[in-house]
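Q: Please take a close look at the cysteines of this model, and set out how they are placed and paired.

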Amino acid sequence: MKTTRFAVCGAALACLLALGACTPSGDSAAPAREDTAQSSAAKSGSENAGSGVLSNFSTTDLDGNTIDQSILADYDLTMVNVWATFCGPCIEEMPALGELAAEYADKGVQIIGLVSDALDSDGAISDSQVGTAKEIVAQTDACYPHLLPSEDLYGVLSQIYAVPTTFFVDSEGAQVGEAIVTAQSKEDWITTIDSMLAEVQG
């Protein structure tokens with residue numbers, strides 16, 4: 001299922017589970033800090049697309065390493081896969097994403113995961129959730145960077161209505177094409193990645 005930018009049609013939400021996506025249960029992806037989330041959304045939402053949805057951010061990965069927008073600079077295209085530890089379809093497609101990350105590494109494409117449910121109810125990183133995410137990554141051979149939510153990413157996460165949601169950005173963090181709200185087969189991802197890569201290399 002494709003959708004313009006991050007907005008998801010309300011009528012489509014009822015179908016997401018059947019199509020291979022999970023709706024959040026329990027805590028939302030971003031903590032309930034509406035002022036912060038709205039501020040970040042204003043910076044990185046489609047109304048300000050010129051500056052790029054991921055043009056300026058800092059966060060950490062599952063191992064505590066600091067990651068910022070410079071991770072995008074050496075790649076023509078970055079695929080950002082927003083997933084959750086409770087989401088079966090997310091986990092089922094991760095082995096294929098791991099294979100694709102290796103196969104496209106020398107073609108100007110990288111894959112990044114964003115763990116949407118790594119925060120506790122207070123908005124702090126949950127060590128237990130990070131541990132669960134690490135186990136899933138190891139079990140699925142999803143050997144690419146996996147980022148944790150940070151204040152800089154709340155604007156993006158506040159627009160995610162179901163997981164997995166995948167979107168693409170160029171080397172400057174500007175969104176390419178439309179977000180995809182469903183899991184896909186490896187073959188379908190190849191078609192999608194090739195199309196997005198042709199668009200950005202155009």
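A: What follows treats the cysteines, and then turns briefly to the enclosed space. This is a predicted model, in which local features need pLDDT of at least 70 and side-chain atom pairs count only at pLDDT 80 or more, while totals for chains, interfaces and linings use all residues. Residues are numbered from 1 along each chain as its sequence is written, and side-chain values use heavy atoms, with hydrogens and water left out.

The structure holds one disulfide, a term that stands for a pair of cysteine sulfur atoms within 2.5 Å. This link joins C87 to C90, with an S to S distance of 2.5 Å, and its angle of 85° about the S-S bond goes with a right-handed form. C87 counts as buried because its relative accessibility is 0%, where buried means under 20% relative accessible area, exposed over 50%, and partly exposed in between, with a 1.4 Å probe and protein chains only. C90 is likewise buried, at a relative accessible area of 0%. C22 is also buried, with a value of 8%, whereas C143, at 65% relative accessibility, counts as exposed.

As for enclosed space, a search of the whole structure finds one cavity of 30 Å³ or more; a cavity here is a set of points, on a 1 Å grid over the protein atoms alone, where a 1.4 Å probe fits but cannot get out, and lining residues have an atom within 4 Å of a point. The residues that line the largest cavity include L54, F57, V80 and I112.

Conventions:
1 Å grid on protein atoms, 1.4 Å probe; cavity = no way out; pocket = protein on both sides within 12 Å on 5 of 7 lines; lining within 4 Å. Points joined across faces, edges and corners; volume = space filled by probe spheres on them.
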